[in-house]
Structure formats: structure tokens, C-alpha cells
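Here are a few notes to read alongside the model, written for someone opening it for the first time. Have a look at it before you go through the points.

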Amino acid sequence: MDANILNIIEFFLYFVVFGFVFQAFNAFDLSKFFKKAHTRQIQVIYILSTIIFTYLAVKAFMNLIYLSTEIFS
């Protein structure tokens, strides 16, 4: 596959996976690890962990696509 096509797929896949991961991370209750009235820190942790996990998931998926295209071409 062309590198540009893989980059476009990765770009759009990041936003799709971000939505799913954000919904999944909302199921976690991090408020028990923070003091009361520290909602800003909880929101920052949610967003940063969502971004990090999304990046790792997309990179792993794209690595599988890249390896499979290398093997079968």
C-alpha cells in the first residue's frame, strides 16, 4: 500500500477510536482517587489517558496493517 493511504487511514482511524475509547474511559470512576472538588484534575486525567490509549491502539492496529501488507505483497 502507498504510504499516503496508510497515513490517511491512520488519521481517520484515530478519531473513530478516540470516540470509542472516550466512552469506555467514562465507565471508570476516578473520583475515588482524588479529593473532592478536584474535577479539573479528573478531567485532565480522563482526556490524557484517552489520548494515550487511543494512540497506542491505533499504532498497534496500523502496525498490523503494515505488516500484513508487507507479508502479502
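The points below go from the whole chain down to single residues.

1. Before anything else, keep in mind that this is a predicted model. The fold is quick to describe: the chain has two helices and zero strands. Its radius of gyration is 16 Å, while the globule rule gives 11 Å for 73 residues, so the chain is more spread out than a compact globule.

2. The overall dimensions are worth a look too. Along the principal axes, the C-alpha trace spans about 55 × 20 × 15 Å.

3. How much of the chain is buried? Of the 73 residues, 21% are. The accessible surface adds up to about 5,900 Å², and carbon and sulfur atoms account for 71% of that.

4. Charges next. You'll find 5 positive and 4 negative side chains, and the centres of these two sets sit 27 Å apart.

5. If you like contact maps, try this one. Take the contacts between residues at least 6 apart in sequence: 74% of them join residues at least 24 apart.

6. Now the helices, beginning with H1. Helix H1 covers residues 3-25, which is 23 residues. From its first C-alpha to its last it reaches 31 Å, close to the 33 Å expected at 1.5 Å a residue.

7. Which residues of H1 are buried? They are Leu 6, Glu 10, Leu 13, Val 17, Val 21 and Phe 25. Note that Glu 10 is on that list. As for what covers the buried residues of H1, the cover includes H2.

8. Thr 50 is a good residue to click on in helix H2. Is it buried or exposed? Thr 50 has a relative accessible area of 0%, so it counts as buried, the cut-off being under 20%. Setting aside neighbours within four places in sequence, Thr 50 is in contact with Phe 18, Val 21, Phe 22 and Phe 25. Two of these names, Val 21 and Phe 25, also appear among the buried residues of H1.

9. Gln 43 is another residue to find in helix H2, which runs over residues 39-72. Its relative accessible area is 40%, so Gln 43 is partly exposed, falling between the 20% and 50% cut-offs. Gln 43 and Leu 30 are 13 residues apart in sequence, and their C-alpha atoms are 9.4 Å apart in space.

Conventions:
Residues numbered from 1 in each chain as written. Predicted model: local features only at pLDDT ≥ 70, side-chain atom pairs only at ≥ 80, totals over all residues. Heavy atoms only, no water. Helix = DSSP H or I, 4+ residues; strand = E, 2+ residues; numbered from the N terminus. Rg over C-alpha atoms; globule rule 2.2 N^0.38 Å. Buried < 20%, exposed > 50% of the residue type's maximum accessible area, 1.4 Å probe, protein only. Contact = heavy atoms within 4.5 Å. Areas by Shrake-Rupley, 256 points an atom, 1.4 Å probe, with all protein chains shown as cover. Lys, Arg positive; Asp, Glu negative; His and termini not counted. Charge placed at Lys NZ, Arg CZ, Asp CG, Glu CD. Expected span 1.5 Å × (residues − 1).
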